[in-house]
Amino acid sequence: MSEQLCITNIGHLWGTYDISPINALRGRDLGKLPSISNAFLISRDGKIASFGQMEDLHPDHHMPVIDARGGHVFPAWCDSHTHLVHATSREKEFEMRLHGSTYEEIAAAGGGILNSANVLRNMDESELYDVSYQRFQQVQKMGTGAIEIKSGYGLDFDSEVKMLRVIRRLKELDEIPVKATFLGAHAFPAEYRNDHEGYIDLIINQMLPYIAGEGLAEYVDAFCDKGFFTPEQTARVMEAGARYGLKPKIHANELAVSGGVQVGVAHHAISVDHLEEMDEASISVLANSETIGTMLPGCAFFLGIPFPQARNMINANAKLALASDFNPGTAPSGNMNMVVSLACIKMKMTPEEAINAATINGAAAMELTSEVGSITPGKLANLIITEPMPSLAYFPYAYGHPPISKVILKGKVV
Ligand code: NIG
Ligand code: FE
């Protein structure tokens with residue numbers, strides 16, 4: 001017997017495509033979110049089987065039914081940039097920032113990423129898995145139906161591999177699609193403080209070949225920013241990644257106009273992420289490329305730095321996604337509902353743009369558009385059912401208490 005589920009009386013079913021977009025939406029298309037009102041949706045064996053208008057639903061009395069009571073349904077969030085695997089929180093640094101220190105000052109004094117690396121290096125793999133598993137369940141409950149997770153808090157061979165093994169175990173649970181990114185080039189570890197070339201050599205000649213050989217990552221990342229990796233160093237890491245079949249998804253332009261966008265686009269990055277500090281040249285290079293610009297408003301909110309200029313980038317015709325950046329230093333939350341609200345409130349994105357950026361374009365930023373990101377027959381039945389609500393705008397409007405009634409993953413209520 002196949003497992004089926006029918007959701008009835010959906011006020012508005014959003015993100016409906018008979019054939020899914022393969023590529024990310026760009027520019028004005030980001031504002032177009034197709035929908036059906038007064039709809040039903042049927043899932044079979046964890047996948048979307050069909051959907052349509054209630055009047056076309058032929059009742060099958062054997063099928064379990066969820067009555068959405070006029071609530072809206074969208075595709076579950078596709079969170080394409082996270083550091084969900086990490087050892088512990090960093091609220092002491094948060095307090096230091098409340099007293100006036102900046103993120104860069106704390107990092108330069110050996111805190112920040114290096115602080116997280118110290119703790120993680122001393123945590124065994126099973127404990128790291130346990131704390132990460134808790135977060136993985138938590139984000140699913142909040143509506144995340146596909147996720148990318150990075151390494152980058154190990155910064156030595158064994159600890160980077162340990163992180164990637166934990167990511168692999170989360171992937172093997174087969175609960176939601178998971179993509180793994182190797183971020184050895186997140187920071188220079190203390191033991192290489194005076195030997196940056198030595199660390200890049202370790203990444204390129206030891207970590208990358210092993211990680212690629214074991215199939216532990218799909219992507220390679222580098223933190224291309226002021227005080228971290230230069231565009232030239234980033235380019236070498238991306239070139240080495242390419243030799244092993246790892247495509248780039250990189251951290252760019254968080255702290256400064258760093259050249260990260262240009263180097264990412266030149267190396268055909270799937271995405272360049274952060275983009276708080278953009279000049280006209282960087283916007284134009286991004287907009288004239290196939291690379292997705294992934295904005296992480298939780299980071300700007302938490303650090304009190306400028307938000308990405310979403311409207312300028314949309315007007316320039318860029319491809320844009322939204323993601324949580326869930327990490328202990330700059331965005332200690334994997335709540336994509338809040339990310340969507342922040343995108344509207346602080347970046348003036350429309351609800352339609354924000355939802356597209358957090359679903360189909362997030363899927364594209366993980367090369368997962370054939371599996372998730374829209375309401376399309378054959379894709380995973382990963383859905384958010386809202387409480388009855390007056391309009392789509394009510395969802396981002398109601399920040400802090402997202403009106404979610406149920407999260408459905410692979411056709412099952414979470
Ligand atoms: O995406 N910016 C670089 N990496 C992370 C933060 C890392 C940390 O502070 O732990 C980010 O914001
Ligand atoms: Fe990040």
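Ligand 1 has 15 residues around it, counting any with a heavy atom within 4 Å, and the closest are Y103, Y153, H186, E254 and T330. This is a predicted model, in which local features need pLDDT of at least 70, side-chain atom pairs count only at pLDDT 80 or more, and totals for chains, interfaces and linings use all residues. Residues are numbered from 1 along each chain as written, chains are lettered from A and ligands numbered from 1 in written order, and side-chain values use heavy atoms, without hydrogens and water.

By class, the shell around ligand 1 has four nonpolar, eight polar and three charged residues; Tyr counts as nonpolar, Glu as charged, and Thr, like Gly, as polar.

Now the polar contacts, meaning pairs of N or O atoms within 3.5 Å. Oxygen atoms of ligand 1 lie 2.6 Å from a side-chain N or O atom of T330, 2.8 Å from one of D325 and 2.9 Å from one of H274. The protein covers 100% of the 320 Å² of accessible area that ligand 1 has on its own, by the Shrake-Rupley method with a 1.4 Å probe.

Next, the metal. Which protein donors does the iron ion, ligand 2, have? They are H81 (NE2), H83 (NE2), H251 (NE2) and D325 (OD), at 2.1 to 2.2 Å; a donor is an N, O or S atom within 2.8 Å of the metal, and water is not among the atoms, so the site may look incomplete. H83 sits in the loop between β6 (77-79) and α1 (91-98), and D325 in the loop between β13 (319-322) and α12 (336-347), so this pair ties together parts 242 residues apart in sequence. Helices (H or I, at least four residues) and strands (E, at least two) are DSSP runs, numbered from the N terminus.

How values were computed
A polar contact is a pair of N or O atoms within 3.5 Å; within protein, one must be able to donate a hydrogen and the other to accept it, and residues adjacent in sequence count only if both atoms are side-chain atoms. Donors are N, O and S atoms within 2.8 Å of the metal (3.2 Å for Na, K and Ca); water is not among the atoms, so sites may look incomplete.
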